[in-house]
Amino acid sequence: MSKGLPARQDMEKERETLQAWKERVGQELDRVVAFWMEHSHDQEHGGFFTCLGREGRVYDDLKYVWLQGRQVWMYCRLYRTFERFRHAQLLDAAKAGGEFLLRYARVAPPGKKCAFVLTRDGRPVKVQRTIFSECFYTMAMNELWRATGEVRYQTEAVEMMDQIVHWVQEDASGLGRPQLQGAPAAEPMAVPMMLLNLVEQLGEADEELAGKYAELGDWCARRILQHVQRDGQAVLENVSEGGKELPGCLGRQQNPGHTLEAGWFLLRHCIRKGDPELRAHVVDKFLLLPFHSGWDPDHGGLFYFQDADNFCPTQLEWAMKLWWPHSEAMIAFLMGYSDSGDPVLLRLFYQVAEYTFRQFRDPEYGEWFGYLSREGKVALSIKGGPFKGCFHVPRCLAMCEEMLGALLSRPAPAPAPAPAPA
């Protein structure tokens, strides 16, 4: 038998598997979006309810600004990139959410600081001394501009972006965070990560803004890479401002899901820059390393927190399995495979995706559970809350559907020629 026949059969089987996953992911995306469209829209005040029980019932009407921004972004991105989501109901809901943010998100206009929590009708309840509400506000406004063409949204996005950069690189006093003598000058990975994501967001198909923020993107990548410590054997969640390991629990903290998310942010940066050496480093340190250290060998799934010295982490939820790290892992491994063709990364995508679909999805009411025990049992039946909204799950499913579709559209490799007869 020709050696080319088994190889061709293997390729055909692989394409069948990719096609099956594309269909599975697409169907799940439809169910997840339907859940949020049915249960989360506030028709009276605009914006979205995110505190939803298993069946979609609202159990608290507080509105979290970063989740409002995330849902606006998600709706607009779906509207722009998927033909089946290009309908007025989705865009109208996104615009209502965007207008709610424009009216109420900022605590003391014309200042740019956003609230973290608002009442249902938009009165501020709580402010966090971080940049994350403002970051998702920026993403929402930029996507609204892309979906509607209304320049006022883009103006708002760029102005807020410039304010965020000022806080991060020049003067953080506007965040209201006092400089206490005993507090370490620590840099969490989330800050340069989030900024790198914004650079990608605002620069997409926009040469002017891509050029404006190119240097910032390189700065963000360098800051994220500083979190690779211990001769490349660990990625730490927090380092000093100078890129050194910090003492104590704060310095030893690891978050496998966050590292994987940083990994695919960096992968997009590397692909855009055309830097294959950095890309290989990112795959090794931000995809493979956190997976092999963070995957639970006994029950499957990714641990939430780990300690680099194998002490028990101080976070009570350290061994729980949460929805978002698994969503990020699916994106990271499929993106890595799409770029490199490395079958190891595809096998890891399958491994994470099978666990995630089996454990997190709710076949009865739709959407995914967010919080599982270490053993994979549902710990909280809610579908949304202060941290879980219409974002990580649909973003994962949408990106995976797009990447699987792109893989399937590539021409199949030509079979190897048969050996010449002796």
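Y304 and W324 are both buried in this predicted model,. Their ring centres lie 6.0 Å apart with the planes at 80°, so the pair counts as edge-to-face. The pair brings together distant parts of the chain, 20 residues apart: Y304 belongs to the loop between α11 (276-294) and β11 (306-307), while W324 belongs to helix α12 (residues 323-340).

From W324 you can step across to H258, which touches W324 as well as M189, A190, M193 and E237, leaving aside residues up to four places away in sequence. H258 is found in helix α10 (residues 256-273). Is H258 buried or exposed? Its relative accessibility is 12%, and because buried means under 20%, H258 counts as buried.

Now let us look at aromatic rings more widely. Across the whole structure, a search finds 23 aromatic pairs. One of them joins W264 and F265, whose ring centres are 4.6 Å apart and whose planes meet at 85°, an edge-to-face arrangement. W264 is buried, with a relative accessible area of 1%, and F265 is buried too, at 4% relative accessibility.

Some rings gather into a group: Y64, W66, W73, F116, F136, F387 and F391 make up one aromatic cluster.

Finally, there are places where a lysine meets a ring. K63 has its charged end over the ring of F49, 5.6 Å from the ring's centre. Another lysine, K388, lies over the face of W323, at 5.9 Å from the ring centre.

Technical notes:
Residues are numbered from 1 along each chain as its sequence is written. This is a predicted model: local features need pLDDT of at least 70, side-chain atom pairs count only at pLDDT 80 or more; totals for chains, interfaces and linings use all residues. Side-chain values use heavy atoms; hydrogens and water are left out. Helices (H or I, at least four residues) and strands (E, at least two) are DSSP runs, numbered from the N terminus. Buried means under 20% relative accessible area, exposed over 50%, partly exposed in between (1.4 Å probe, protein chains only). Contact means heavy atoms within 4.5 Å. Rings of Phe, Tyr and Trp (its six-membered ring) pair if their centres lie within 6.5 Å; planes under 30 degrees apart count as stacked, over 60 as edge-to-face and the rest as tilted. A charge sits over a ring if NZ of Lys or CZ of Arg is within 6 Å of the ring centre and within 35 degrees of the ring normal.
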